[in-house]
Amino acid sequence: MSGKKLKNKNQLFKRQKVIDARTIRAEALSSLPKAANELSESGSMLKVSEFMASREFEVKQLQSAILKSKSTSSTRVFQALPRKLRRRTASHNVKRIPKRLRNRALREMRKSEQTVTKGTQTLSKKRKYGLTAKQLYKARMAVKLLRLAAKSKSMKLALPADATASHHKLRSRIKALQKTIREHASGKLQSSRNNRLGSYDCTGFGVLAPKPIGRIKYLKRQNKFTWLPSHVWNAKRSHMLKRWGYQIPWSPTQKCFKLTHKLGNSVSTSDGAMCSDTSYMGTMILASDDAEYLKQLISQLTKKRGSLTKYRASHHWFEGVVFDDSKNALGPINLLWLSFNKCMLRLHPAIYPTVFERLTASDNKKLTVHDCRYSIASITLTGAKSLNALSQVLRSTELSQSYCQFKKVAYITDINLLPQRTMFAFNAMDPRHLSNPKKLANSKPVADDILQLQDQFPQSEIVSVLEKLADPIEREKTYSNQLTLKELAARRRSLLGSTKNSNVIPFNADGDPSFPIIISKLPKQELWVVILPWFWHLPLWYQLNRVSRVHHMGLRQLQQLSYERHRLYFPDDYPFTQVGNDENSLYKKAAQKNFWSRKPVSKRVNYAKIPNIHSEAPAMFPGEVGDPFCCDWRFLQILRNGLTYLKSQGNECVKMFDASRTSQFDELNLRKLTYVNDLVELYGDVCSKNLIAEGLPLQIVTQSAAKIQIETPDTESAKKTPQQTVVSTALPVIAVSCELLERGHPKDTARIYSIPQQDLHYWESIVQVSSRPSGRRNHDTAQPIPSLHNLIGFATSGTFHLGQGQGVCTGFIDSREAILPGNNYVLIRNVGTNVYRIAKWKQIVI
Amino acid sequence: MVDGAVVTKHPSVKLLSHKQIKTTIYVKSKTPYVSALKRTNKFLRQLKRHGAEYVTIMGMGKAVEKTLAIGCHFQEEKGKKVIVSTQSVDVLDEIAQESAYESLEDVEEEDMETTLRKRTTSGVIVRIYP
């Protein structure tokens with residue numbers, strides 16, 4: 001008897017089924033009419049029609065075999081689901097499977113003798129035994145606290161301070177809650193909330209707002225990092241990032257790089273939308289009775305740009321850079337003038353406190369500052385379906401021109417199609433009134449409708465909604481009678497009997513709440529931003545994510561999108577600000593270095609031993625120059641400033657070093673600057689703290705390249721030594737986006753070089769690929785190597801650009817180099833390699 | 001920048017319909033010819049999935065010639081049924097507008113107020129049947 005196990009009937013049947021599915025039939029020659037007499041050993045002539053028919057038969061057989069084979073290999077119904085809809089729990093909980101497949105799934109589960117569950121048990125049904133008396137008491141107290149908190153919430157009471165303070169013990173919290181409930185029952189205490197959901201307005205008047213009081217259960221978890229309104233939703237679906245005082249979704253748990261590229265960009269193939277909770281972006285409302293004073297203030301804050309008529313008078317968003325008192329850039333800012341006396345600022349949480357302190361420090365009566373970080377929330381959307389998705393879940397409460405316009409353009413896919421100032425503002429009703437997202441009637445707007453959008457901007461209506469959103473009392477009022485899910489369900493149930501078949505609970509103007517909402521285009525970032533009161537965020541968010549083909553995203557995706565649109569992303573692409581500089585030279589550097597040093601020596605790049613990077617290597621860096629783990633802006637600053645100094649000393653053709661002598665020191669024991677190597681040594685002095693560098697190494701030039709005027713640093717008046725000037729003068733840089741013209745792609749922290757004059761001919765031949773003898777491009781030509789003094793910048797973020805099909809990087813280059821005439825090309829080299837790729841640069845005006 | 005100069009050009013009006021999105025290719029002047037052929041082939045293969053009859057290829061302005069060249073390829077080389085029709089496309093241009101308050105010299109391009117102006121260009125629609 002052989003060791004082979006005998007198969008049972010069932011197995012044999014299945015085996016035969018697979019064999020049948022995989023056999024591909026071919027047409028026998030004899031089946032063809034008149035084929036037999038033409039058949040011979042050496043082959044024979046065929047008729048065209050017969051030949052075609054035979055091949056067609058074979059192709060069909062092949063196709064059907066592929067299909068059959070596919071259907072036999074799939075065994076369980078949940079394997080047929082798309083990747084996005086697969087659930088691990090679907091194998092035992094049938095509710096995870098779409099309804100139309102459920103019966104099949106149940107049959108399969110029974111067949112494989114599996115246990116079928118219908119969801120998880122509720123808390124109360126879980127086992128209670130096995131606890132000691134102390135543990136049981138603690139568990140019961142915790143439940144009691146939650147019950148009391150829920151009770152006081154439904155009585156429209158605010159949580160007492162003793163109950164929310166983190167240092168209080170559990171029992172004193174319970175006592176405080178019991179006391180307020182008792183007082184309310186006896187009529188001593190009036191209800192302080194206007195709804196049963198515990199929503200309230202949490203604005204800071206001239207001071208930073210306290211953290212919002214959410215559910216009492218989760219108070220302790222928010223001691224250091226505040227939650228966004230959609231935190232629990234996002235924490236289930238995304239990786240979270242704890243930074244800047246918030247817990248922010250970083251990236252969805254499912255892979256979505258290509259999805260973001262396909263849906264998020266404004267391309268004709270996008271048929272969905274990506275949405276992100278951007279409530280971490282702090283909102284600030286500035287108001288002043290003195291309109292001129294406010295204009296001056298904004299003008300100072302944004303270097304005269306944010307107060308221009310375009311922004312101040314006609315409701316365009318200003319997207320630019322915010323500066324501090326000493327004209328150093330702080331970071332990006334979005335600014336909207338609500339009226340001449342009032343404006344709204346949106347700032348990144350990393351710079352929000354800085355700007356807020358600056359505005360409130362001047363303690364004058366002229367300016368009122370509201371910190372609306374926790375009272376105004378926002379959602380950012382991108383992709384073709386963004387407007388459409390919003391239109392499926394938002395309904396206006398009254399007849400509104402703005403809402404009509406919104407309905408009109410709801411089916412437009414491309415954000416770039418709409419005018420710069422595109423804003424819809426109206427009073428919306430609770431999105432939960434709709435039982436599920438519902439499409440609006442298909443409108444077919446043409447170019448004239450878009451012109452109308454520009455010409456008939458409903459200014460007064462929009463301003464009134466903006467004012468309502470900016471006013472803390474009005475915001476508080478929007479929460480009055482905010483319905484709980486139970487109340488909503490009850491209303492929906494009462495509608496079931498009515499004859500009108502509709503999925504929406506009708507809006508009752510007397511009792512039902514409505515809230516102001518702004519849907520606006522951010523033209524530079526090509527994003528839709530939805531701004532609404534904090535506690536209305538979640539109802540909208542839930543509904544929005546039920547719309548088909550709407551996906552959520554996190555910070556990582558926003559970064560990817562801004563890279564693909566050739567925009568800068570804060571803080572990674574803002575090295576000229578303090579926050580961006582720290583991000584690059586502390587945070588990222590440490591992470592990269594750690595990653596590198598964890599690897600065994602033989603498995604990692606030895607940065608000190610990379611040959612042929614430059615035509616002459618400085619003594620300090622035999623391999624890679626500067627810090628290999630980050631964009632070494634200090635090195636670039638010293639090199640570029642030093643070269644300018646050397647040239648100003650009449651040293652036109654700079655040399656790496658003099659072979660006959662080592663570096664020299666003058667009588668003050670300062671390093672003499674004569675050669676490029678001296679500059680590198682000077683950088684070494686800064687690294688070893690022998691010489692202190694002041695200020696940030698970079699300074700951004702915001703003008704477009706044609707208008708740049710470079711000021712030469714004044715050494716005499718400041719009474720600084722040339723060494724100190726070289727080290728402490730910020731290098732003026734411009735932001736550029738480089739497109740590689742050859743194969744390969746740049747990576748983060750790639751080095752950017754200018755093309756040496758003598759090699760120009762070679763690189764031009766690379767650009768012009770028309771003369772190719774073999775018809776294919778030759779990539780293996782010997783490259784001329786540039787010198788160290790050709791280094792003009794670094795790339796902050798770079799990778800292969802899926803939209804353009806070539807490597808693209810965002811970086812910064814020395815503006816003095818950029819304004820040289822006819823200078824459109826640069827060379828790009830990745831860290832740790834000695835291959836140069838030619839790229840074309842274009843300025844990013846910020 | 002002078003008053004009345006074109007600052008930016010807007011794309012043509014595109015509306016959301018899943019079927020259309022999955023069967024329409026907009027040819028740009030930058031689109032490589034072979035890439036367009038490959039994409040058309042890919043769309044032709046997926047026609048059945050979207051329940052459509054034909055693949056539409058659209059081009060306007062500079063890209064008209066390339067669009068027609070793609071149509072010719074499928075007609076002549078691949079022997080497909082191809083229908084060509086012409087259309088007028090309304091597009092919007094953003095025009096610099098000198099406001100009463102500032103002169104345009106010291107203002108960056110993006111800080112200028114603009115107004116939209118309609119322009120009509122001609123384009124072709126090529127329908128390729130499988």
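The following exercises, each with a worked solution, concern a predicted model of two protein chains, A and B.

**Exercise 1. Describe the interface of chain B and chain A: how many residues are in contact, what area is buried, and which elements of chain B take part?**

Step 1. Begin with the contacts. On one side stand 29 residues of chain B, and they are in contact with 38 residues of chain A.

Step 2. Turn to the area. About 2900 Å² is buried between the two chains, and carbon and sulfur atoms give 54% of this.

Step 3. Count the polar interactions. The rule finds eleven residue pairs in polar contact across the interface, both residues being at pLDDT 80 or more. Helix H1 (18-23), strand S4 (82-96) and strand S5 (114-128) of chain B each supply at least two residues of the side that touches chain A. Of the elements of chain B, S5 gives the most to this side, with five residues. By residue class, the side of chain B that touches chain A holds eleven nonpolar, five polar and 13 charged residues.

Step 4. Add the salt bridges. Two are found across the interface of chain B and chain A. One of them joins the side chains of B:Lys118 and A:Asp448, at 3.0 Å from N to O.

**Exercise 2. Which residue of chain B forms a salt bridge with B:Lys118, and where do the two partners lie?**

Step 1. Identify the partner. B:Asp90 forms a salt bridge with B:Lys118, and their closest N and O atoms are 3.8 Å apart.

Step 2. Place both residues. B:Asp90 belongs to strand S4 and B:Lys118 to strand S5 of chain B, so the pair ties together parts that are 28 residues apart in sequence.

Step 3. Assess the accessibility. B:Asp90 is partly exposed, with a relative accessible area of 28%. B:Lys118 also counts as partly exposed, at 33%.

Step 4. Combine this with Exercise 1. B:Lys118 forms a salt bridge with B:Asp90 within chain B and meets A:Asp448 in a salt bridge across the interface.

**Exercise 3. For the salt bridges A:Arg76 with A:Glu108 and A:Glu487 with A:Arg196, determine which parts of chain A are linked and whether the partners are buried or partly exposed.**

Step 1. Take A:Arg76 and A:Glu108. Their closest N and O atoms are 3.5 Å apart. A:Arg76 sits in the loop between helix H2 (48-73) and helix H3 (99-111), and A:Glu108 in helix H3, 32 residues apart.

Step 2. Classify this pair, given that buried means under 20% relative accessible area. A:Arg76 has 16% and is therefore buried. A:Glu108 has 15% and is likewise buried.

Step 3. Take A:Glu487 and A:Arg196, whose side chains meet at 3.4 Å from N to O. A:Glu487 lies in helix H17 (residues 485-496) and A:Arg196 in the loop between helix H6 (170-185) and strand S1 (204-205), so parts that are 291 residues apart in sequence are tied together.

Step 4. Classify the second pair. A:Glu487, at 27%, counts as partly exposed, and A:Arg196, at 37%, does as well.

**Exercise 4. Locate A:Lys304, A:Lys327 and A:Pro571, and state what is notable in the backbone of each.**

Step 1. A:Lys304 is not a glycine, yet has a positive phi of about 70°. A:Lys304 is found in the loop between helix H9 (291-301) and helix H10 (309-314) of chain A. A:Lys304 is exposed, with a relative accessible area of 63%.

Step 2. A:Lys327, also a residue other than glycine, has a positive phi near 60°. Its place is in the loop between strand S7 (318-323) and strand S8 (329-339) of chain A, and at 56% relative accessible area A:Lys327 is exposed.

Step 3. A:Pro571 is joined to A:Phe570 by a cis peptide bond, with omega about 5°. A:Pro571 lies in the loop between helix H19 (555-564) and helix H20 (578-598) of chain A.

**Exercise 5. What surrounds A:Thr781 and B:Tyr129, leaving aside residues up to four places away in sequence?**

Step 1. A:Thr781 is in the loop between helix H25 (760-767) and strand S19 (791-801) of chain A. A:Thr781 touches A:Tyr762 and A:Ile766, and its side chain makes a polar contact of 2.7 Å with the side chain of A:Tyr762. At 32% relative accessibility, A:Thr781 counts as partly exposed.

Step 2. B:Tyr129 is in the segment after S5 of chain B. B:Tyr129 is in contact with B:Leu44, B:Glu53, B:Tyr54, B:Lys80, B:Lys81 and B:Ile83. With a relative accessible area of 15%, B:Tyr129 is buried.

How values were computed: Residues numbered from 1 in each chain as written. Chains lettered and ligands numbered in written order. Heavy atoms only, no water. Contact = heavy atoms within 4.5 Å. Buried area = accessible area lost by both parts, 1.4 Å probe. Salt bridge = Lys/Arg side-chain N within 4 Å of Asp/Glu carboxyl O. Polar contact = N/O pair within 3.5 Å; in protein donor to acceptor, adjacent residues only side chain to side chain. Helix = DSSP H or I, 4+ residues; strand = E, 2+ residues; numbered from the N terminus. Nonpolar A, V, L, I, M, F, W, Y, C, P; charged D, E, K, R; others polar. Buried < 20%, exposed > 50% of the residue type's maximum accessible area, 1.4 Å probe, protein only.
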